[in-house]
Number of protein chains: 2
Amino acid sequence: MGYSIGQAAEKMGLTAHTLRYYDKEGLLPFVRKTSSGLRVFSDADLEWLAIVECLKGTGLQIKDIKQYIDWCQEGNATLQQRLDMFKRQKEKLKKEMEKLQQHMEKINFKIAYYEDAVAHGDTNVFDRNAKLVMEKERIFGKKIKKQAV
Amino acid sequence: MGYSIGQAAEKMGLTAHTLRYYDKEGLLPFVRKTSSGLRVFSDADLEWLAIVECLKGTGLQIKDIKQYIDWCQEGNATLQQRLDMFKRQKEKLKKEMEKLQQHMEKINFKIAYYEDAVAHGDTNVFDRNAKLVMEKERIFGKKIKKQAV
DNA sequence: TCTTGACTTAAAGTTAACTCTAAATTGTAT
DNA sequence: ATACAATTTAGAGTTAACTTTAAGTCAAGA
């Protein structure tokens, strides 16, 4: 019913080193130890770890996650702080998702551009994208012409 | 028609220090200098910088962006590499966006949970979310009860 | 001309999040 | 019983991406 640090690491896609590091940073105040000092992770511990990973994935730093755990341990007096924190994270996450969407559009343009360039041996790039090529000539020198950017 | 490093930094939302760092790392091989050594950024340079920022924003490391710039300078022989690179980035970006979407759902749940807890003074948390509270009791000790997690 | 603020380079310092090492201990499979 | 693999700790090392410092140079206004 309990997992060793190695098993827990495998389940979470992390390393045992990383789990010990998290523990040292106060992110795992709940993990039990055997009488001889070995850590024992329960399924509930892994669920908590999943929340830690979620917070980390949305851009929270480890010290901020520690703050959240501290708030949890302080009791109901910190409910509002925790709510505010999640609201801030949500706004951050929304902006990040919008940014990634814009990046995706740029990348899609690049892929279309290069697929065409590869297919046509890049022979008519100048016609298709004169602006980019002229810019490129200025940047990399006049010798390189008709080339995708 | 040209910008100083400070003006360019301001336009891009970066610092002059960062632009010099990028230059040192080979990310700005196109930026001109005056006879006395001052960098001069053109509008085209800023467009290139925007592409660099896009690549950085999708998770590319600076050395990988350098690789892309090197490929651009090598000419048409590297068209396929560049296409493959953008395709890899697109896959990475897609996975990242899916992950963020899942994080967003978790955060929305947390916000709903804490808004309710704050509104009701957390008096009936045990009824609403017995599993979480029981888990919390095990983790933080029996003394703290009826508290949001 | 003088001052002041922006710029230059090279190099050292910082920060976050691991990542690894060493030396000892523990658990498990023959 | 004896390997051998996994675990423990403290602490050192790594990496990426800045960030700051030092010592000087350049450019524009009074």
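**Figure 1. Helix 1 and helix 3 of chain B make a right-handed crossing.** (A crossing is right-handed if the near helix is turned clockwise from the far one by less than a right angle, and left-handed if it is turned anticlockwise.) You are looking at a predicted model, in which local features need pLDDT of at least 70, side-chain atom pairs count only at pLDDT 80 or more, and totals for chains, interfaces and linings use all residues; side-chain values use heavy atoms, without hydrogens or water. Residues are numbered from 1 along each chain as its sequence is written, while chains are lettered from A and ligands numbered from 1 in the order in which they are written. Helix 1 spans residues 5–12 of chain B and helix 3 spans residues 43–57 of chain B; their axes come within 11 Å and cross at roughly 50°. (Helices are DSSP runs of H or I with at least four residues, numbered from the N terminus; axes are lines fitted to C-alpha atoms over the stretch in contact, with angles from 0 to 180 degrees between N-to-C directions.) Helix 1 of chain B and helix 3 of chain B are therefore oblique to each other. (Under 35 degrees is roughly parallel, over 145 roughly antiparallel, 65 to 115 roughly perpendicular, and the rest oblique.) On the helix 1 side, B:Ala8, B:Lys11 and B:Met12 make the contact, and they meet B:Leu46, B:Leu49, B:Ala50 and B:Glu53 of helix 3 of chain B (heavy atoms within 4.5 Å). This contact has 5 nonpolar residues, no polar ones and 2 charged ones. (Ala, Val, Leu, Ile, Met, Phe, Trp, Tyr, Cys and Pro count as nonpolar, Asp, Glu, Lys and Arg as charged, and the others, Gly among them, as polar.)

**Figure 2. Helix 1 of chain A and helix 2 of chain A are packed at an angle of about 100°.** Their axes are 8 Å apart. Helix 1 of chain A and helix 2 of chain A are therefore roughly perpendicular to each other. To find the contact, look for A:Ile5, A:Ala8 and A:Ala9 in helix 1 of chain A, and for A:Ala16, A:Leu19 and A:Arg20 in helix 2 of chain A. By class, these residues are 5 nonpolar, no polar and 1 charged.

**Figure 3. Helix 4 of chain A crosses helix 5 of chain A at roughly 150°.** Here helix 4 covers residues 62–74 of chain A and helix 5 covers residues 79–119 of chain A, and their axes come within 9 Å. Helix 4 of chain A and helix 5 of chain A are therefore roughly antiparallel to each other. This crossing is left-handed. A:Asp64, A:Tyr68, A:Trp71 and A:Cys72 of helix 4 touch A:Gln81, A:Arg82, A:Met85 and A:Phe86 of helix 5 of chain A. The residues of this contact divide into 5 nonpolar, 1 polar and 2 charged.

**Figure 4. DNA strand C is surrounded by 18 residues.** A:Ser36, B:Ser4, B:Gly6, B:Lys33 and B:Arg39 are the closest (near means a heavy atom within 4 Å). Which parts of the DNA account for 76% of the atoms of strand C within 4 Å of the protein? Sugar and phosphate do. Polar side-chain atoms of A:Tyr22 and A:Lys63 lie 2.9 Å and 3.2 Å, respectively, from a phosphate oxygen of DNA strand C. For B:Arg39, a backbone N or O atom lies 2.7 Å from a phosphate oxygen of DNA strand C. The elements giving two or more residues to this surface are helix 2 (16–24) and helix 4 of chain A, along with helix 1 of chain B. Helix 2 of chain A gives the largest share, 4 residues. In the surface near DNA strand C there are 6 nonpolar, 7 polar and 5 charged residues.

**Figure 5. DNA strand D has 18 residues around it, with A:Ser4, A:Arg20, A:Lys33, A:Arg39 and B:His17 coming nearest.** Of the atoms of strand D within 4 Å of the protein, 77% belong to sugar or phosphate, and bases supply the rest. A side-chain N or O atom of A:Ser4 is 2.8 Å from a phosphate oxygen of DNA strand D. Polar backbone atoms of A:Gly6 and B:Ile62 are 2.9 Å and 3.3 Å, respectively, from a phosphate oxygen of DNA strand D. Helix 1 (5–12) of chain A, together with helix 2 (16–24) and helix 4 (62–74) of chain B, are the elements giving two or more residues to the surface near DNA strand D. Which element gives the largest share of the surface near DNA strand D? Helix 2 of chain B, with 4 residues. The surface near DNA strand D divides into 6 nonpolar, 7 polar and 5 charged residues.

Note on methods:
A polar contact is a pair of N or O atoms within 3.5 Å; within protein, one must be able to donate a hydrogen and the other to accept it, and residues adjacent in sequence count only if both atoms are side-chain atoms.
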